[in-house]
Amino acid sequence: MSSMGMMHEGYFVGRKELTNWIRQHFEPTFQKVENLASGVVYCQILNSVHPGAIQMGKVKRDAKTEVDFIHNFKLLQSGFNKQKIDRFIDVDKLTKRSFQFNMEFLQFMKAYWDTHAPADAGGEGVAEPAATEE
């Protein structure tokens, strides 16, 4: 994947648009960017682009503690490595419920999804065959 620098158009997407996108595709009850600190939605985003990249059964969906958040981000990092996505994940800052860092990372994830998601999932990428593995 080519590098997406800070001037990439994906970094100019606003909070409201991103919140609506998450509600539409991943988490209907999503409210605040800071709640992305659990890593669950990030895992869902990556798995929607690359089915099977993350074993979703291992994701702690009801994560409430930083230990559980870190567990989910380890799964996300593993998925990034499998897909050869060259992006640093600053787990310490993301798991502290920082709006700024989660907003920036979410903008990256949205830009990645727009570019790589199968067309039938709402992305602009080329439709890929569905994975048979759950």
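A salt bridge is a side-chain nitrogen of Lys or Arg within 4 Å of a carboxyl oxygen of Asp or Glu. In this predicted model, one such pair is formed by Asp68 and Lys60, whose closest N and O atoms are 3.2 Å apart. The structure holds 5 salt bridges, and three of them are described further on, after a look at the overall fold.

The secondary structure of the protein comes to 5 helices and 0 strands, so that, read from the N terminus on, the order of the elements is α-α-α-α-α. Of the 134 residues in the protein, 44% are buried. Contacts across the chain can also be described by how far apart the partners lie in sequence. Among contacts with a separation of 6 or more, 54% are made by residues 24 or more positions apart.

A good place to begin exploring is helix 2, which covers residues 40-49. Here 9 of the 10 residues are buried, and helix 2 is therefore largely enclosed by the rest of the structure. The buried residues are Val40, Val41, Tyr42, Cys43, Gln44, Ile45, Leu46, Asn47 and Val49. Their packing partners are helix 1 (15-25), helix 3 (66-82), helix 4 (91-94) and helix 5 (99-116).

Ahead of this helix, the loop between helix 1 and helix 2 contains Ala37. With a relative accessible area of 0%, against a limit of under 20% for the term, Ala37 is buried. Leaving aside neighbours within four places in sequence, Ala37 is in contact with Phe69, Phe73, Leu94, Thr95, Arg97 and Asn102. A further distance can be followed from the same loop residue: the C-alpha atoms of Ala37 and Thr65 are separated by 9.9 Å, with their positions 28 residues apart along the chain.

One of the contact partners of Ala37 is Arg97, which is placed in the loop between helix 4 and helix 5. Arg97 is a residue other than glycine with a positive phi, near 65°. Its relative accessibility is 41%, and Arg97 thus counts as partly exposed. Another positive phi, of about 60°, belongs to Lys84, again not a glycine. Lys84 is found in the loop between helix 3 and helix 4 and, at 69% relative accessibility, counts as exposed.

Attention now returns to the charged pairs. Side chains of opposite charge can pair when their charged atoms come close. Asp68, the acidic partner of Lys60 in the salt bridge introduced above, lies in helix 3. The side chains of Asp68 and Lys60 are also joined by a polar contact of 3.2 Å. Apart from neighbours within four places in sequence, Asp68 is in contact with Lys60 and Ala63. Lys60 itself counts as partly exposed, at 35% relative accessibility.

A second salt bridge links Glu104 and Arg87, with 3.6 Å between the closest N and O atoms. Because Glu104 lies in helix 5 and Arg87 in the loop between helix 3 and helix 4, this pair ties together parts that are 17 residues apart in sequence. The two partners fall into separate accessibility classes: Glu104 is partly exposed at 25% relative accessibility, whereas Arg87 is buried with a relative accessible area of 18%. The dividing value is 20%, since buried means under 20% relative accessible area.

In a third salt bridge, the side chains of Lys93 and Asp90 meet at 3.8 Å, N to O. Lys93 is partly exposed, with a relative accessible area of 37%, and Asp90 counts as partly exposed too, at 23%.

The empty space of the model completes the picture. Rolling a probe the size of a water molecule over the atoms shows where empty space is left. The second largest pocket contains about 310 Å³ of space. Its lining is made up of 15 residues, and those nearest the centre of the pocket are Glu27, Asn35, Ser38, Val40 and Arg61. By type, the lining residues divide into 6 nonpolar, 4 polar and 5 charged. Val40 links this pocket to the helix described earlier, being one of the residues nearest the pocket centre and also one of the buried residues of helix 2.

Note on methods: Residues numbered from 1 in each chain as written. Predicted model: local features only at pLDDT ≥ 70, side-chain atom pairs only at ≥ 80, totals over all residues. Heavy atoms only, no water. Buried < 20%, exposed > 50% of the residue type's maximum accessible area, 1.4 Å probe, protein only. Helix = DSSP H or I, 4+ residues; strand = E, 2+ residues; numbered from the N terminus. Contact = heavy atoms within 4.5 Å. 1 Å grid on protein atoms, 1.4 Å probe; cavity = no way out; pocket = protein on both sides within 12 Å on 5 of 7 lines; lining within 4 Å. Points joined across faces, edges and corners; volume = space filled by probe spheres on them. Nonpolar A, V, L, I, M, F, W, Y, C, P; charged D, E, K, R; others polar. Polar contact = N/O pair within 3.5 Å; in protein donor to acceptor, adjacent residues only side chain to side chain.
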